[in-house]
Amino acid sequence: MLGRLMGKKLTPTSPGSIPWTGDQLVHGAAAKAWEGDPLTHNVITVRAQEQAQEAARELLPRLGEVDAPVLVLHGAEDPLSDAERSRALAGDGVQVQDLEGLLHHSLQGDGSDATHQALADWLDQNVSAKD
């Protein structure tokens with residue numbers, strides 16, 4: 001009942017759900033940890049997916065309006081989101097980096113050190129330290 005009230009499907013086969021597996025999100029031991037963690041789930045409701053797509057359609061074209069540098073990191077092997085759509089965001093003030101060999105959760109799992117390094121390098125180049 002609580003799952004229904006919160007809009008979360010209870011199983012990957014519940015009507016109106018989109019199932020994901022840990023190995024679609026991250027590589028290596030992190031995928032197994034994802035699957036075994038009782039605090040994670042592998043189901044996104046269709047409604048949540050639709051709302052995310054609506055927000056993306058409305059807000060992503062406006063990234064260039066942000067009065068700060070923007071970095072978009074995209075796992076090049078991400079099966080959940082389209083790398084071409086991420087690359088299309090590049091422009092004035094928006095830098096896009098493909099992370100070769102990484103999936104959707106590029107901050108976790110095997111290869112995440114490349115994400116951490118890309119982020120650290122970008123911060124060093126784009127954010128000045130206060131005196």
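Select Leu-89 first. In this predicted model, Leu-89 touches Leu-60, Leu-63, Val-72, Val-94 and Val-96, when residues up to four places away in sequence are not counted. Colour these residues and keep them on display, since several of them return at the next stop.

**The nonpolar core**

Now add Val-70 to the selection. Together, Leu-63, Val-70, Val-72, Leu-89, Val-94 and Val-96 form the largest nonpolar core, which has 6 residues in all. Which elements give two or more residues to this core? They are β3 and β4.

**The whole chain**

Zoom out and switch to a cartoon view. The secondary structure of the chain comes to 6 helices and 4 strands. Followed along the sequence, these elements appear in the pattern α-β-α-α-β-α-β-α-β-α. The chain has 131 residues, and buried residues make up 24% of them. Consider also the contacts between residues at least 6 apart in sequence: 62% of these join residues at least 24 apart.

**Strands β3 and β4**

Select residues 70-75, which are strand β3. This strand is mostly covered, with 5 of its 6 residues buried. Next, select residues 94-99, which are strand β4. The two strands run parallel, and 6 bridges join them. To see one place where they face each other, display Gly-75, which stands opposite Leu-99 in β4.

**His-74 and Ser-86**

Remain in strand β3 and select His-74, which is found there. Is His-74 buried or exposed? Its relative accessible area is 4%, and a residue under 20% counts as buried, so His-74 is buried. Display the surroundings of His-74: leaving out residues up to four places away in sequence, it touches Ser-81, Asp-82, Ala-83, Ser-86, Gln-97, Asp-98 and Leu-99.

Of these residues, select Ser-86, which is found in helix α5 (residues 83-87). The side chains of His-74 and Ser-86 are joined by a polar contact of 2.7 Å. Ser-86 is also buried, and its relative accessible area is 12%. Apart from its neighbours within four places in sequence, Ser-86 is in contact with Val-72, His-74 and Val-96. Val-72 and Val-96 both belong to the nonpolar core visited earlier.

**Gln-95**

Move to strand β4 and select Gln-95, which has its place there. Gln-95 counts as partly exposed because its relative accessibility is 30%. Draw a C-alpha to C-alpha distance from Gln-95 to Val-72: the two are 6.2 Å apart in space, although 23 residues apart in sequence.

Which residues does Gln-95 touch, not counting residues up to four places away in sequence? They are Val-70, Leu-71, Val-72, Trp-122 and Asn-126. A polar contact of 3.2 Å joins the side chains of Gln-95 and Trp-122. Trp-122 leads to the next element.

**Helix α6**

Select residues 112-126, which are helix α6. This helix has 15 residues and reaches 21 Å from its first C-alpha to its last, close to the 21 Å expected at 1.5 Å a residue. Now display the side chains of Ser-112, Thr-115, Ala-118 and Trp-122, which are buried in α6. Why do they lie on the same side of α6? They cover an arc of only 115 degrees around the axis, which puts them on that one side. A general rule helps here: an α-helix has 3.6 residues a turn, so residues three or four places apart point the same way.

What do the buried residues of α6 pack against? They pack against β3 and β4. Rotate the view to the face of α6 turned away from its buried side, which carries the exposed residues Asp-113 and Asp-124.

**The loop between β4 and α6**

Finally, inspect the loop between β4 and α6. Select Leu-103, which lies in this loop. Leu-103 is buried, with a relative accessible area of 7%. From Leu-103, draw a C-alpha to C-alpha distance to Asp-78: these residues are 25 apart in sequence and 4.0 Å apart in space.

The last selection is Gln-108, which lies in the loop between β4 and α6. Gln-108 is partly exposed, with a relative accessible area of 40%. Add Val-26 to the display and compare: Gln-108 and Val-26 are 82 residues apart in sequence, yet 6.6 Å apart in space, C-alpha to C-alpha.

Technical notes:
Residues are numbered from 1 along each chain as its sequence is written. This is a predicted model: local features need pLDDT of at least 70, side-chain atom pairs count only at pLDDT 80 or more; totals for chains, interfaces and linings use all residues. Side-chain values use heavy atoms; hydrogens and water are left out. Buried means under 20% relative accessible area, exposed over 50%, partly exposed in between (1.4 Å probe, protein chains only). Two strands pair if DSSP finds at least two bridges between them. Contact means heavy atoms within 4.5 Å. A polar contact is a pair of N or O atoms within 3.5 Å; within protein, one must be able to donate a hydrogen and the other to accept it, and residues adjacent in sequence count only if both atoms are side-chain atoms. The expected span of a helix is 1.5 Å times one less than its number of residues. The arc is that of the directions from the helix axis to the C-beta atoms. A nonpolar core is a set of buried Ala, Val, Leu, Ile, Met, Phe, Trp, Tyr and Cys residues joined through side-chain atoms within 4.5 Å.
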